[in-house]
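This briefing is meant for a reader who is meeting the structure for the first time. Please look over the sequence and the model below before turning to the notes that follow.

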Amino acid sequence: MNLNTSSNLETRSLLDELCNFDKKGLFDLGHPLLNRILESFIKAAGIGAAQAVSREAFFTAIEGNGANSSGLSAEASSAKKNQLPGLRGENSNKSLEAMVMSTGKESLQWGVAAGLYSGLTYGLKEARGAHDWKNSAVAGAITGATLALTLDDSTHEQVVQCAITGAAISTAANILTGIF
């Protein structure tokens with residue numbers, strides 16, 4: 001009977017852990033900042049991978065139906081040409097390798113953006129003692145500039161434009177969070 005009681009307690013504690021998953025988080029690295037950065041990175045990287053794979057599946061399905069790129073809008077056909085240029089390999093291994101490389105790169109970009117933004121907002125909140133639009137603007141600007149630097153041929157203008165866009169989007173999101 002002692003064994004059953006011990007097993008029941010272990011099961012209950014596992015069940016409690018699963019129920020409290022949202023409260024504790026996915027990782028415990030010993031510091032809330034590190035936990036937040038890693039969790040944001042992992043979650044966003046998964047979203048980036050799913051987005052890259054679904055986009056490739058869409059374009060593969062379009063080509064598999066016999067539709068040519070003239071069946072797509074000009075924007076969609078140019079997006080396909082620019083997003084995954086190595087997928088026109090001689091065999092499926094090259095195509096698969098190109099898709100995995102592209103998915104990995106996009107996952108990394110999404111993860112870096114989310115981890116950096118989350119870490120910066122948390123750090124600024126702790127340093128300033130307030131969580132307001134200013135923290136969001138600074139974190140968005142730094143994150144936007146960093147993302148622009150991950151592009152293949154980034155220019156100074158693109159870095160500035162992405163920094164301004166990141167600041168504007170994150171500030172708007174922060175302000176709208178209080179309204180809705």
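In this predicted model, the residues that line the second largest pocket divide into six nonpolar, two polar and one charged. The notes below begin with that pocket, go on to the packing of two helices, and end with two residues of helix α5.

**The second largest pocket**

- The volume of the second largest pocket comes to about 300 Å³.
- Its lining is made up of E106, Q109, W110 and A113, together with L147, A148, T150, L151 and C162.
- Two helices, α5 (92–128) and α6 (133–149), each supply at least two residues of this lining, and it is α5 that gives the most, with four residues.

**The packing of α6 and α7**

- Helix α6 packs with helix α7, which covers residues 156–179, at an angle of about 145°, and the axes of the two helices are 6 Å apart.
- The crossing in which α6 passes α7 is right-handed.
- On the α6 side, the residues that meet α7 are W133, S136, A137, G140, A141, G144, A145, A148 and L149, while on the α7 side they are Q158, V159, C162, A163, G166, A167, S170, T171, N174 and I175.
- Taken by type, the residues of this contact between α6 and α7 divide into eleven nonpolar, eight polar and no charged.
- Two of the residues in this contact, A148 of α6 and C162 of α7, are also among those that line the second largest pocket.

**Y117 in helix α5**

- Y117 is found in helix α5, and because its relative accessibility is 28%, which lies between the limits of 20% for buried and 50% for exposed, Y117 counts as partly exposed.
- Leaving aside residues up to four places away in sequence, Y117 touches S136, A139, G140, T143 and S170; of these, S136 and G140 belong to the α6 side of the contact with α7, and S170 to the α7 side.
- Although Y117 and A141 are 24 residues apart in sequence, their C-alpha atoms are 9.2 Å apart in space.

**G123 in helix α5**

- G123 also has its place in helix α5, and with a relative accessible area of 29%, again between 20% and 50%, G123 is therefore partly exposed.
- Along the chain, G123 and A139 are 16 residues apart, and a distance of 9.6 Å separates their C-alpha atoms.

Conventions. Residues numbered from 1 in each chain as written. Predicted model: local features only at pLDDT ≥ 70, side-chain atom pairs only at ≥ 80, totals over all residues. Heavy atoms only, no water. 1 Å grid on protein atoms, 1.4 Å probe; cavity = no way out; pocket = protein on both sides within 12 Å on 5 of 7 lines; lining within 4 Å. Points joined across faces, edges and corners; volume = space filled by probe spheres on them. Nonpolar A, V, L, I, M, F, W, Y, C, P; charged D, E, K, R; others polar. Buried < 20%, exposed > 50% of the residue type's maximum accessible area, 1.4 Å probe, protein only. Contact = heavy atoms within 4.5 Å. Axes fitted to C-alpha atoms, helices over the stretch in contact; angles between N-to-C directions. Left-handed = near helix turned anticlockwise from the far one by under 90°.
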